[in-house]
Amino acid sequence: IAGYYDEDSKSISLLNWIPLDRQAPILAHELTHALQDQNYDLKAWQAAGPKTLDPSKKAGQGEAEDDSVSARHAVVEGQAVVVMVDYILAPLGRSVQNTPGLIYQMEDPAVKATYDSELLHGAPMILREAGTFPYRAGLIFEGELLQKGGKPMAFAGVFARPPRNTHEVLQPKAYADDEKLPAVRVPDVRPLLSGAYEMYDSGSVGELDVRGLLKQYGDRIVADDLASAWRGGAFVTFRRTAQGAARVDDPTTADLALLYVSRWQSAQSAERFAHLYATAVGQRYQKAVTQPTESCVGTECPASAVQVLTEEGPVIVERWADNTVLVSESFDATTAAKLSHAVRQGEPTTQAESSQPEE
């Protein structure tokens, strides 16, 4: 860390061990945050996006989605990095806007610093991805907007119409084209669980999350390529109640169960994700034995399905003809089938992700 802006105290701190000639660009970065905060109230703006997908609440209630917060954070940091780079390039008569190829070739340590952190290097991949995302992806996102619409679009414009999710940051064309994606929702399935489970957590699973998952358990190149085919995702986790588990006073991960729904650009990308997710089960559990699945014919059957038995229950991965992948973990097969049917019968919606007023 070379410096930071504190949204609460409205102050900037610089580390005095940074050489003096390098403090000025860092100050330019942090002063950008101060100007952003003066104009838009950063804390409120970053939390003002779509809300968590809690099926027990009405749409729009709850806390801001993690994926939306991450996307807005990328705007905040991306703009600050653009200003910092412009400050460095100013004596040469250059800028990010008039040197568009620069953002894809930058090796400046100030931009790459998050990769060099020993703490991040040893952290789970999703935390490493989240740590570097707002700076690297934010810079590229802002650079693309500068080329398409100049400073009005890349600065005030993106505050007025923020990216809805990390997909729009990682794929700037989706943001520029105002891509319409139907919202992925998990319906309220608690009535199907007969009191054996209670809600534990819920939310969205964005392109950044998927990319981190695929990098953790697969190949970096494949992760970047496949994650770009993401078109929506949501999850709900449940915890066993006293009625459903004898260990309620000493809970473990075995007391948690997951329902995860994702949508993909094509049948091919959906099948690739389903295959990679099922393959990764063996790395995530101590015991993982693939089980035969029952034969099924008709429109009410998945296009493909894999069931893996683990020490915490079955993991079932289904790929459906509408490019949806449905995952259940730790639910018994009968309950998983009920949940799958409930998700499939849920009415499609195009709420927050497809219609967004200017702020």
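## Salt bridges across a predicted model

Start with Asp8 and Lys43, whose side chains meet in a salt bridge with N and O 2.4 Å apart. Asp8 sits in the loop between β1 (3-6) and β2 (11-14), while Lys43 belongs to helix α2 (residues 42-46), so this pair ties together parts that are 35 residues apart in sequence. How covered are the two partners? Asp8 is exposed, at 60% relative accessible area, and Lys43 is partly exposed, at 46%. Keep in mind that what you're looking at is a predicted model.

**The wider picture**

That pair belongs to a structure with 16 salt bridges. The protein chain itself runs to 359 residues, 45% of them buried, and its secondary structure comes to 12 helices and 9 strands. If you take the contacts between residues at least 6 apart in sequence, 65% of them join residues at least 24 apart. As for the outside, the accessible surface is about 18000 Å², and carbon and sulfur atoms account for 53% of that.

**Two more pairs**

Why would such side chains pair up at all? Opposite charges on side chains can pair when the charged atoms come close. Lys215 and Asp224 give another case, with their closest N and O atoms 3.6 Å apart. A residue counts as buried under 20% relative accessible area, so Lys215, at 10%, falls in the buried class. Its partner Asp224 is partly exposed, at 35%.

Next comes Arg272 with Asp225, a salt bridge at 3.0 Å from N to O. Which elements does this pair link? Arg272 is in helix α11 (residues 267-284) and Asp225 in helix α10 (residues 220-227), so the bridge ties together parts that are 47 residues apart in sequence. Arg272 is partly exposed, with 30% relative accessible area, and Asp225 is partly exposed too, at 44%.

**A shared network**

Some salt bridges share partners: Arg161, Arg164, Glu168, Asp178 and Lys180 are joined into one network this way.

Here are the three pairs described above, side by side.

| Pair | N to O distance |
|---|---|
| Asp8 and Lys43 | 2.4 Å |
| Lys215 and Asp224 | 3.6 Å |
| Arg272 and Asp225 | 3.0 Å |

If you're browsing the structure, two of these bridges come with a clear address: the Asp8 and Lys43 pair runs from the loop between β1 and β2 to helix α2, and the Arg272 and Asp225 pair runs from helix α11 to helix α10.

Methods:
Residues numbered from 1 in each chain as written. Predicted model: local features only at pLDDT ≥ 70, side-chain atom pairs only at ≥ 80, totals over all residues. Heavy atoms only, no water. Helix = DSSP H or I, 4+ residues; strand = E, 2+ residues; numbered from the N terminus. Buried < 20%, exposed > 50% of the residue type's maximum accessible area, 1.4 Å probe, protein only. Contact = heavy atoms within 4.5 Å. Areas by Shrake-Rupley, 256 points an atom, 1.4 Å probe, with all protein chains shown as cover. Salt bridge = Lys/Arg side-chain N within 4 Å of Asp/Glu carboxyl O.
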